[in-house]
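Let's take a walk through this structure together, starting from one residue and working outwards. Keep the 3D view open as you read.

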Amino acid sequence: MYISDKVAKNAEIRARKVLVIDQDGNKLGEMSTKEALKLAEQSGVDLVLVAPEAKPPVARMMDYGKYIYEKEKKEKLAKKKQKKQVLKEMKFRLRIDEHDFNTKLKKIREFLEDGYKVRVVIMFLGRDILFKEKGKEILDRVVSKTSDIAKVSRGAKLLGKDMDIILEPITEDKK
């Protein structure tokens, strides 16, 4: 995405009068666009419209190529710092052995410590659906064992033959 499509410069500026700011950030005052263009040309820089909605529009004398480069660099840095939210999933069945439960719990804790949200699912197979309260007990056990590093962002919900909850890590500022 190029910013140059959005910013008016030099002869592209359509306003009759503009508020001019020089390279050092000093206000030169309100003047006609032609006068501002002459000033910018004498200084060897471009006249760039930085605030077209202002009354009068604000134009700045600057090196346009450098301005675009800096703006794109800031956008890339902002995009790089964005964190994508990933939802990890751990599935349990009603008949789960203690060792298997602890292994899955350990993995859930690792996900939470890495900053991921975790969806914990109890799968009801066949007639297991008759024992929904046992599934709820397993979910409650997971919640109690992870309560020091996670909170429930969505409570137990039965969707078809699955019951699930979503855990999210407690961030440092919330502790």
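Start at M163, which is buried, with a relative accessible area of 7%; the cut-off for calling a residue buried is under 20%. Bear in mind as you look around that this is a predicted model. M163 sits in strand β8.

So what is M163 in contact with, once its neighbours within four places in sequence are left aside? The list runs to V120, V121, I122, F124, K132, G135, K136, L139, A156, K157 and L158. Two of those names, G135 and L139, come up again among the buried residues of helix α4.

Let's turn to that helix, then. Helix α4 covers residues 132–145, which makes 14 residues. At 1.5 Å a residue it should span 20 Å, and its end C-alpha atoms are indeed 20 Å apart, so expectation and model agree. Its buried residues are G135, I138, L139 and V142. Looking down the axis of α4, you'd find these within an arc of 95 degrees, so they line one face of the helix. That fits a general pattern: an α-helix has 3.6 residues a turn, so residues three or four places apart point the same way.

And what covers those buried residues of α4? The cover includes β8 (162–169), the strand we began with, along with β5 (87–93), β6 (117–123), β7 (150–159) and helix α3 (98–113).

Now zoom out a bit. UniProt, in an unreviewed entry, lists residues 86–169 as "domain: Translation initiation factor 3 C-terminal". Over that stretch the chain is 36% helix and 38% strand, and the end C-alpha atoms lie 12 Å apart. The unreviewed entry also places "domain: Translation initiation factor 3 N-terminal" at residues 10–76. There the chain is 36% helix and 33% strand, with 26 Å between the end C-alpha atoms.

The domain assignment of the chain gives domain 1 as 10–79 and domain 2 as 87–169. How many Å separate their centres? Taken over C-alpha atoms, the figure is 57 Å. You can also try a single pair of residues: M163 and A15 are 148 residues apart in sequence and 62 Å apart in space, C-alpha to C-alpha.

Finish with a hairpin. Strand β1 (residues 17–21) and strand β2 (residues 27–32) run antiparallel, joined by 5 bridges. K17 has S32 of β2 as its bridge partner. Between the two strands of this hairpin there are 5 residues, and G25 takes a positive phi near 95 degrees.

How values were computed:
Residues are numbered from 1 along each chain as its sequence is written. This is a predicted model: local features need pLDDT of at least 70, side-chain atom pairs count only at pLDDT 80 or more; totals for chains, interfaces and linings use all residues. Side-chain values use heavy atoms; hydrogens and water are left out. UniProt positions are given in the numbering used here, feature names are shortened, and annotations may be inferred rather than shown by experiment. Helices (H or I, at least four residues) and strands (E, at least two) are DSSP runs, numbered from the N terminus. Domain bounds come from an automatic or database domain assignment. The expected span of a helix is 1.5 Å times one less than its number of residues. Buried means under 20% relative accessible area, exposed over 50%, partly exposed in between (1.4 Å probe, protein chains only). The arc is that of the directions from the helix axis to the C-beta atoms. Contact means heavy atoms within 4.5 Å. Two strands pair if DSSP finds at least two bridges between them.
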